[in-house]
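The following exercises concern a structure that is to be read from its coordinates. Each task is followed by a solution in steps.

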Amino acid sequence: MTFTNTTRTDVLVVGAGPAGIAAATAAAENGRQVIVLDDNVTAGGQIWRGATVGQPQHTDPHKQRALEKLERSGARVLAGRAVFNADASGMLQALQETASARFAEEFRFEQLVLATGARERFLPFPGWTLPGVFGAGGLQALVKSGYPIAGKRVIVAGTGPLLLAVAAHLAEDGAVVSSVLEQAPLALLAPFAASLLSHPAKLLQGARFRAGLWKTTYRTGCWVVEAIAAPGGEKLEALRMTDGSRTWIEPCDLLACGYHLVPNTELAALLGCKFSGSFVQVDNQQRTSVPNIFCAGEPTGIAGLDAALVQGEIAGRACAGRSDTSLQRRAAKERGFADRMEKAFALRSELQALPHPETIVCRCEDVRFDALQGHTGWTDAKLQTRCGMGPCQGRICGPAIEHLLGWRAVSVRQPLFPVPLEALCSQDETTDINKSNELIEEKA
Amino acid sequence: MPETVSLTINGARRQVARGTTVAAAMLLVQEPTRISVTGEPRAALCGMGICFECRAVVNGVAHRRTCQILCEQDMAVETNP
């Protein structure tokens, strides 16, 4: 495919969250020309997502400093770009979306840093497709995007350290957060909390979140089994929840429910990077198995903000041919945090029984759980049911099905996001459709 | 610059704070962003451009991810059929 609209740069960074910001800043400060692409409206990623409406109450001083440093470094941020194709020859294509137009752009790079972050893991349960049921980080993002939540009764549920942070932010914005349900048992959480003593900053952060929630019941070893609709069937009214032995109902207006995070690794897979389990394999300089392609942050292991920042800085310096052993030691310490987090918030097996036969698992194609029974794996199920073949391309149902049925996604191909044909055709008449449809197998 | 923008959502004129995404505006007025293939009303789920549940018709173009688009003056938004 030939594009008339091509931009050349030394270093291209995908993702303007903490890892991408750190990588871009370090590369630019070390003399490289840098462009950062991000799918969202503004830079910051998810953990540093800024409020786009009103006074930014939650402006984080660390984020402000990082963004100022990025700007001073000379790196250019291009927001509103969804990356849909790339190859290891140094080519990447993105769809630019504005309110009135969509068109494709091509970038040529010498080095690429993948800082694509993570998304929430969702597990299907009866009623989870009702309006009023959100991701945990999802609801927080929507509130920051202008959805007023004051006075609404909210229950936060799922698993992971994000839950308390989300509950605290929602309460600060005026929501009545009646319960926080963490599926992990106290027996696993307690050692995790104790281990934070080696990371004092994280302990302090946790305590601050808890302090803002003195009216909220925090239940460990509990989870939501059903979202109950009000008469009419189109609005959330209450939740049925359980501790594994008894169930009860609590009324609410909104549910914020997420089961920790899964890495966004589609682009790394498309580029042929080697994986270690679910994560992109990197060396101590954040180099992937593919020459000139680096990866930093959550795609290399769910380790949070501090790990993303240090890994990003290592990757950015490496793009300028520099290495720093003290940064590498810090990165190694943060990896220990990731391992402990994974153990503490491991999904309990009871969650595999959440969906009923009629529960929709694939929200794009409305594929029910019972339709997946009898299939041997993804390829078979896709062909027979269209599961995972809608616009999200299995990003939501894929991790859910991995937990429910143990199937792992087998291949990734471009376009990584749905791209309107006119966005491609408007570029150049020499567009070679056959070449763009080449199947690229994930080398897992 | 005015603090609010005015747009239509499923034909009704609405005022929202400047900086509001289209997905947040549709939640605010309790209009579904899309109708699923079996006819269920849906609204934004992930809030970060991944799930495609918030796709709606923006200025006549279907399947736009409304969580990634800010409301603009006189924009026309409709539930994705």
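**Exercise 1. Determine how many residues each chain gives to the contact between chain A and chain B, and describe the side that belongs to chain B.**

Step 1. Chain B contributes 38 residues and chain A contributes 34 residues, two residues being in contact if their C-beta atoms, placed from the backbone, lie within 7 Å.

Step 2. On the side of chain B that touches chain A, at least two residues each come from strand 2 (12-17), helix 1 (22-28), strand 4 (41-42) and strand 5 (55-58) of chain B. Helices (H or I, at least four residues) and strands (E, at least two) are DSSP runs, numbered from the N terminus.

Step 3. Helix 1 of chain B gives the most to this side, with five residues.

Step 4. By class, the side of chain B that touches chain A holds 23 nonpolar, 10 polar and five charged residues. Here Ala, Val, Leu, Ile, Met, Phe, Trp, Tyr, Cys and Pro count as nonpolar, Asp, Glu, Lys and Arg as charged, and the others, Gly among them, as polar.

A note on the model: it is predicted, so local features need pLDDT of at least 70 and side-chain atom pairs count only at pLDDT 80 or more, while totals for chains, interfaces and linings use all residues. Residues are numbered from 1 along each chain as its sequence is written, and chains are lettered from A and ligands numbered from 1 in the order in which they are written.

**Exercise 2. Establish how helix 8 of chain A is oriented with respect to helix 9 of chain A and to helix 1 of chain A.**

Step 1. The axes of helix 8 (residues 304-319) and helix 9 (residues 325-344) of chain A come within 9 Å and cross at roughly 150 degrees. Axes are lines fitted to C-alpha atoms, for helices over the stretch in contact, and angles run from 0 to 180 degrees between N-to-C directions.

Step 2. Helix 8 and helix 9 of chain A are therefore roughly antiparallel to each other. Angles under 35 degrees count as roughly parallel, over 145 as roughly antiparallel, 65 to 115 as roughly perpendicular and the rest as oblique.

Step 3. The crossing of helix 8 and helix 9 of chain A is left-handed; that is, the near helix is turned anticlockwise from the far one by less than a right angle, whereas clockwise would be right-handed.

Step 4. Among the residues that meet are Val310(A) and Ile314(A) of helix 8, and Leu327(A) and Phe337(A) of helix 9. This contact has seven nonpolar, three polar and five charged residues.

Step 5. For helix 1 (residues 18-29) of chain A and helix 8 of chain A, the axes come within 7 Å and cross at roughly 30 degrees. Helix 1 of chain A is thus roughly parallel to helix 8 of chain A, and the crossing is right-handed.

Step 6. The contact of helix 1 with helix 8 of chain A comprises 13 nonpolar, five polar and two charged residues.

**Exercise 3. State how many residues of helix 3 of chain A are buried, and identify what they pack against.**

Step 1. Nine of the nine residues of helix 3 (residues 136-144) of chain A are buried, so this helix is largely enclosed by the rest of the structure. A residue is buried if 20 or more other C-beta atoms lie within 10 Å of its own, exposed if 12 or fewer, and partly exposed in between, with C-beta atoms placed from the backbone.

Step 2. The buried residues include Lys144(A).

Step 3. Their packing partners in chain A are strand 7 (118-120), strand 8 (133-134), strand 9 (153-159), helix 4 (162-172) and strand 15 (254-259), together with helix 1 of chain B.

Step 4. Just after helix 3 of chain A, Gly146(A) has a positive phi of about 110 degrees.

**Exercise 4. Compare Gln286(A) and Gln30(B) in location and burial, and locate the cis peptide bond at Pro415(A).**

Step 1. Most residues other than glycine have a negative phi, and most peptide bonds are trans.

Step 2. Gln286(A) has a positive phi of about 65 degrees and is found in the loop between strand 18 (279-280) and strand 19 (293-295) of chain A. Because it has 30 C-beta neighbours inside 10 Å, Gln286(A) counts as buried.

Step 3. Gln30(B) has a positive phi of about 55 degrees and lies in the loop between helix 1 and strand 3 (34-35) of chain B. With 13 other C-beta atoms within 10 Å, Gln30(B) is partly exposed.

Step 4. The cis peptide bond joins Gln414(A) and Pro415(A), with omega about 0 degrees. Pro415(A) is in the loop between helix 12 (397-405) and helix 13 (421-425) of chain A.
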